[in-house]
Each structure stands twice: as C-alpha cells, then as structure tokens.
Amino acid sequence: MKLIDFGVREDEKKYIQEWSKTNDIEVKIVTDLLTPETVKMAQGYDGIVAYQQLPYDEKIFDTMNEFGIHVLSLRNVGVDNVPFEALKRNNIRLTNVPSYSPEAIAEYSVAGLMALLRNFKHMIRKVDQHDFRWAPDIGRELNQLTVGVAGTGRIGRATIKIYQGFGAKVIAYDKFHNPEIEKQGLYVDDLDTLLKESDVVTLHIPSLGKGHTVINKDTIAEMKDNAIVVNSARGDLINTEELYDAVANGKLYGAVLDVYENEVGVFNTDLSDQEFSDKLLERVIKSNRIILTPHIAFYTTKAVKNMATVSLNSMVSELENGSSENEINLDK
Ligand code: COI
C-alpha cells in the first residue's frame with residue numbers, strides 16, 4: 001500500500017513519519033494543497049490524505065477516478081469544503097477525523113471567554129505602553145453568568161463540563177438531544193430561547209451554509225444587553241459586520257472569534273509585510289472587546305497528532321475492508 005498526504009504542515013510531518021515507520025506503509029508527504037494540478041502527483045498511489053481550508057475542486061475527483069484512487073481521508077473534521085456530488089459521481093469514499101480533541105476546542109473557547117471577561121486584550125495593550133491603570137477594565141465573573149451552549153456534540157459537551165466546573169449556569173440547545181445533557185435538564189426548547197436567556201452564547205455547530213447565520217442583527221436584537229458571543233466553530237455562522245456594529249455601539253459586551261467568514265487565504269498566513277485589504281477584519285482586530293485568533297482552537301500537540309494518525313488509520317481500514325468508522329455518509 002502506498003499513500004500520499006497533501007497540504008502537510010511542518011508540525012504534522014513527524015507524526016506522519018512515525019506512523020509510516022510503525023505501520024511499515026509508505027506515505028509521501030506533500031506540502032502543496034490538493035488542487036486539480038497537484039493531484040497529478042497521486043498517480044500510482046492507493047489513497048489520498050489531505051487537509052485544507054481551500055474548497056476541493058471537483059476536477060480533483062475526476063482525476064482520482066482516472067488514477068483508480070477511490071478514498072480521500074481528511075485530517076480534519078469539517079467537510080463543508082468538499083463537493084459531495086463530485087465524490088459520488090466518481091465513486092470516491094470520504095473519511096474525516098471527527099474527534100481529534102474536543103477538549104482542545106472546548107478549552108480554547110473557555111480561555112477566550114475568560115480573557116475577554118477580564119479585559120486581557122486592552123490590559124495587555126495598556127501595559128505594553130507602560131499604562132498600568134486598572135480602570136476602565138473592571139472584570140466580570142464567569143460564576144455569575146448564564147452560558148448558552150449551541151450544539152451538544154462532543155465539543156459542546158466538553159465545553160459544558162468546563163463551564164460547570166467554573167460554577168456558571170449552563171443551558172443548551174441542539175436539534176438532537178444528548179441523553180446525558182437531557183438528564184441534567186440543560187436543554188431549552190429552541191435557539192431563540194437560548195439567545196434570549198444567555199449572557200454568553202458559545203457556538204459549537206457546523207456551518208449552516210453561506211448566508212445562514214445564527215448571529216446577525218435580528219438575533220442580536222433578541223439577545224441580552226452586554227451579552228458575549230464565542231465562536232470557535234465556523235465563521236459563516238456569524239454576520240461579522242453586524243456583530244462588530246453591536247459591540248461598537250455597546251449592545252453586546254464583546255466577542256471571541258477564532259473563525260471568520262473570510263478567513264480562507266488569510267489565517268495561518270504571514271501578511272505582516274503587506275497592505276491589508278480586509279477593512280472589516282482590520283476593525284475587528286483593533287477592537288479591544290473582540291478577541292480574534294486565526295483558527296487555533298484545534299492547534300494543540302494532542303489534536304495535531306490525532307489528525308495526522310487517525311486519518312491514516314481510516315485510510316488503511318477503507319483500503320483493506322472497504323469501510324471505516326470515520327466514513328462520511330455522502331447522502332446526508
Ligand atoms: C476542522 O477540523 O474542521 C477545523 O476546523 C480545524 C482545522 C483548522 C484543522
């Protein structure tokens with residue numbers, strides 16, 4: 001068996017190399033993303049592993065089919081950039097890594113919120129300038145707040161556990177009820193109720209598709225004054241312009257954003273020596289009440305190792321048994 005792994009970052013290489021040695025399976029490491037051009041490098045390989053935020057072009061799958069490659073294993077969880085129809089047309093199976101570390105995302109979300117509640121961003125900026133005054137950055141305490149968790153999958157549930165440890169009141173919403181969360185009586189009936197009753201709304205749901213936002217000017221109007229939004233899920237869940245306006249005009253206290261609707265091509269790129277063209281993102285970065293990070297909630301040693309190795313294990317299972325526990329249902 002010969003595998004090829006695309007879009008590999010420096011920090012992933014050692015885990016892939018270790019896996020290759022332990023399993024005695026050749027894995028060609030390619031730093032380029034998977035495109036209609038680069039897929040040509042896969043000729044002669046049995047399976048393709050990849051991770052990228054860039055949409056996967058349909059032509060990639062026509063070429064895979066021509067080369068007789070019928071499995072694509074992703075090193076991440078989100079499949080919103082994969083055209084399912086093109087996979088089906090070419091008889092290609094898809095796997096992801098659904099649970100590389102729910103705790104990584106959960107811990108990040110809580111850390112971001114704590115930093116916002118204690119005004120770290122403004123305080124650090126002030127201290128950098130040798131301004132050591134306290135005011136106006138008086139903090140708020142998590143144990144006094146109601147945290148509304150939207151989405152009670154693995155990440156949402158890991159997040160709930162941490163918030164409960166801090167003594168916050170937790171409420172939750174999900175279309176599909178988890179028995180454990182149900183038993184605890186945390187569910188409210190609908191998203192509107194969650195938005196209305198929460199001091200903090202933290203999003204742990206997949207993308208709903210372009211234009212289908214959960215946080216926008218209409219839903220913000222329903223939220224409590226001084227509420228906070230935390231998003232480490234997908235950027236397109238929020239209308240960022242409308243969120244920014246609500247923070248700027250004082251309706252919302254602030255936001256923690258690890259994802260952004262126009263992040264592709266910007267996040268995880270060094271643009272420090274370039275003219276910055278995204279004016280909205282620039283305003284967000286300047287705000288002391290919006291903590292913006294470049295999609296790093298997942299970025300821990302445990303998660304990166306799991307992404308690198310679980311994707312390869314799924315590939316082996318697909319090639320040896322024709323299926324794997326992480327295969328995506330393309331008809332859903
Ligand atoms: C995903 O796994 O889909 C993520 O959002 C994390 C990604 C940046 C590796």
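This passage describes the strands, one buried loop residue and the ligand site of a predicted model.

Strand S1 spans residues 2-6. The strand is mostly covered, with 4 of its 5 residues buried. S1 has pairing partners in S2 and S3. Strand S2 covers residues 26-29 and runs parallel to S1, joined to it by 4 bridges. Strand S3, residues 47-50, also pairs with S1 over 4 bridges, again in the parallel sense. Ile-4 illustrates both pairings. In S2, its bridge partner is Lys-28. In S3, Ile-48 stands opposite Ile-4. The link between S1 and S2 involves a helix. Helix H1, residues 10-23, makes a β-α-β unit together with S1 and S2, and this unit is right-handed.

A further parallel pair occurs later in the chain. Strand S6 (residues 146-150) is joined to strand S7 (residues 169-173) by 5 bridges. Within this pair, Val-149 stands opposite Ala-172, a residue of S7. Between S6 and S7 the chain passes through helix H6, residues 154-165. This β-α-β crossover is right-handed.

The loop after S3 was examined next. Gln-52 sits in this loop, between S3 and helix H2 (58-66). Its relative accessibility is 2%. Buried means under 20%, so Gln-52 counts as buried. The side chain of Gln-52 also has a polar partner. One of its polar atoms lies 2.7 Å from the backbone nitrogen of Leu-34.

The ligand site draws on residues from several parts of the sequence numbering. Tyr-51, Asn-76, Val-77, Gly-78 and Tyr-100 surround the ligand, together with Arg-234, His-295, Phe-298 and Met-307. By class, this shell divides into 5 nonpolar, 3 polar and 1 charged residues. Polar contacts to ligand oxygen come from both backbone and side-chain atoms. Val-77 contributes through its backbone: a polar atom there is 2.9 Å from an oxygen atom of the ligand. Tyr-100 contributes through its side chain, with a polar atom 2.7 Å from a ligand oxygen. For Arg-234, a polar side-chain atom likewise lies 2.7 Å from an oxygen atom of the ligand. On its own, the ligand has 280 Å² of accessible area, and the protein covers 95% of this area.

Technical notes:
Residues are numbered from 1 along each chain as its sequence is written. This is a predicted model: local features need pLDDT of at least 70, side-chain atom pairs count only at pLDDT 80 or more; totals for chains, interfaces and linings use all residues. Side-chain values use heavy atoms; hydrogens and water are left out. A residue is near a molecule or strand if one of its heavy atoms lies within 4 Å of it. A polar contact is a pair of N or O atoms within 3.5 Å; within protein, one must be able to donate a hydrogen and the other to accept it, and residues adjacent in sequence count only if both atoms are side-chain atoms. Accessible areas come from the Shrake-Rupley method with a 1.4 Å probe; for residues, only the protein chains shown count as cover. Ala, Val, Leu, Ile, Met, Phe, Trp, Tyr, Cys and Pro count as nonpolar, Asp, Glu, Lys and Arg as charged, and the others, Gly among them, as polar. Buried means under 20% relative accessible area, exposed over 50%, partly exposed in between (1.4 Å probe, protein chains only). Helices (H or I, at least four residues) and strands (E, at least two) are DSSP runs, numbered from the N terminus. Two strands pair if DSSP finds at least two bridges between them. A crossover is right-handed if, with the strands pointing away from the viewer, the path from the first strand over the helix to the second runs clockwise.
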